Amino acid sequence: MNKEFSNPEILKRELEKGNQRALTFLIDTYHQPLCVYIYSLSNDYEGAQDIVQNVFIKVWTDRQKLGRVKSLKNFLYKSVYNGFIDQWRKDKRMLAIESKHLENLNEIIEDSNEDLLKIKIAMVRHEIDNLPEKCKETFLLSKQEGLTNIEIANFMNVSIRTVESQINKAYRLLKQRLSSADVVLKIFAVLSTLIYS
């Protein structure tokens, strides 16, 4: 490990200058302890690694602002904690949404006759098949295969933001193309068991 960066003020200055060796020192020093810290909160090691990686990317991208940071170590821990809270809130919202979709789907199945339901499912399947290729692949990995956004990002070698963007785009396009967005949302909730069974 390069001792020239062991002084936090020198490390900050060198990062601000764009010194990549300083970035390597920062990652070597803090990656593991930050991952352990977030893992202790989330019990999700892959998710912890992703949060930490995103913080390092942000530190490098916004390195010109590091002069305002009093303690680099405290800044890193606060940043990964904020990343964890953001992810937790997002996951909590998604769980609430999925729960509502499952509830609505049960209503559709109870209220619809079998032939009408088959027609609706065929319409949704057709429009999914017509999505742009990357959008379709991302959407099906999420809704058909049940992969998390982090797993999809790793599998496709893209950022989590790209995965979220593609899934949102799929929802938007499908809502536009299908006359009953309500039906679409309800069927999406159990895509793997209905649409592609």
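Trainee: In this predicted model, which helix holds both Glu137 and Lys134, and how many residues apart are they?

Mentor: Glu137 and Lys134 are about one turn of the helix apart. An α-helix has 3.6 residues a turn, so residues three or four places apart point the same way. The helix is α6, and the separation is 3 residues.

Trainee: What is the N to O distance of the salt bridge between Glu137 and Lys134?

Mentor: The pair counts if a side-chain nitrogen of Lys lies within 4 Å of a carboxyl oxygen of Glu. The side chains of Glu137 and Lys134 meet in such a salt bridge, with an N to O distance of 4.0 Å.

Trainee: Is Lys134 buried or exposed?

Mentor: Exposed means over 50% relative accessible area. Its partner Glu137, at 31%, is partly exposed. Lys134 has a relative accessible area of 52%, so Lys134 is exposed.

Trainee: Why is helix α6 described as largely enclosed by the rest of the structure?

Mentor: Helix α6 covers residues 133–143. Among its buried residues are Phe139, Leu140 and Leu141. Cys135 is also buried, at 1% relative accessibility. The helix is largely enclosed because the buried residues number 8 of the 11.

Trainee: Which residue forms a salt bridge with Lys12?

Mentor: Lys12 is buried, with a relative accessible area of 6%. Its partner lies 3 residues away in helix α1, which spans residues 8–17. The N to O distance is 3.5 Å, and the partner is Glu9.

Trainee: Is Glu9 buried or partly exposed?

Mentor: Buried means under 20% relative accessible area, and partly exposed runs from there up to the exposed cut-off of 50%. Glu9 has a relative accessible area of 40%, so Glu9 is partly exposed.

Trainee: What is the N to O distance between Lys17 and Glu14?

Mentor: Lys17 and Glu14 are 3 residues apart in helix α1, so about one helical turn separates them. Lys17 is exposed at 62% relative accessibility, whereas Glu14 is buried at 18%. Their side chains meet in a salt bridge, with an N to O distance of 3.1 Å.

Trainee: How many salt bridges does the count come to?

Mentor: The pairs covered here include Lys12 with Glu9 and Glu137 with Lys134. The count comes to 5 salt bridges.

Trainee: How many disulfides are there by the distance rule?

Mentor: A disulfide needs two cysteine sulfur atoms within 2.5 Å. Cys35 is buried at 0% relative accessibility, and Cys135 is buried at 1%. By the distance rule, the number of disulfides is 0.

How values were computed:
Residues are numbered from 1 along each chain as its sequence is written. This is a predicted model: local features need pLDDT of at least 70, side-chain atom pairs count only at pLDDT 80 or more; totals for chains, interfaces and linings use all residues. Side-chain values use heavy atoms; hydrogens and water are left out. Buried means under 20% relative accessible area, exposed over 50%, partly exposed in between (1.4 Å probe, protein chains only). Helices (H or I, at least four residues) and strands (E, at least two) are DSSP runs, numbered from the N terminus.
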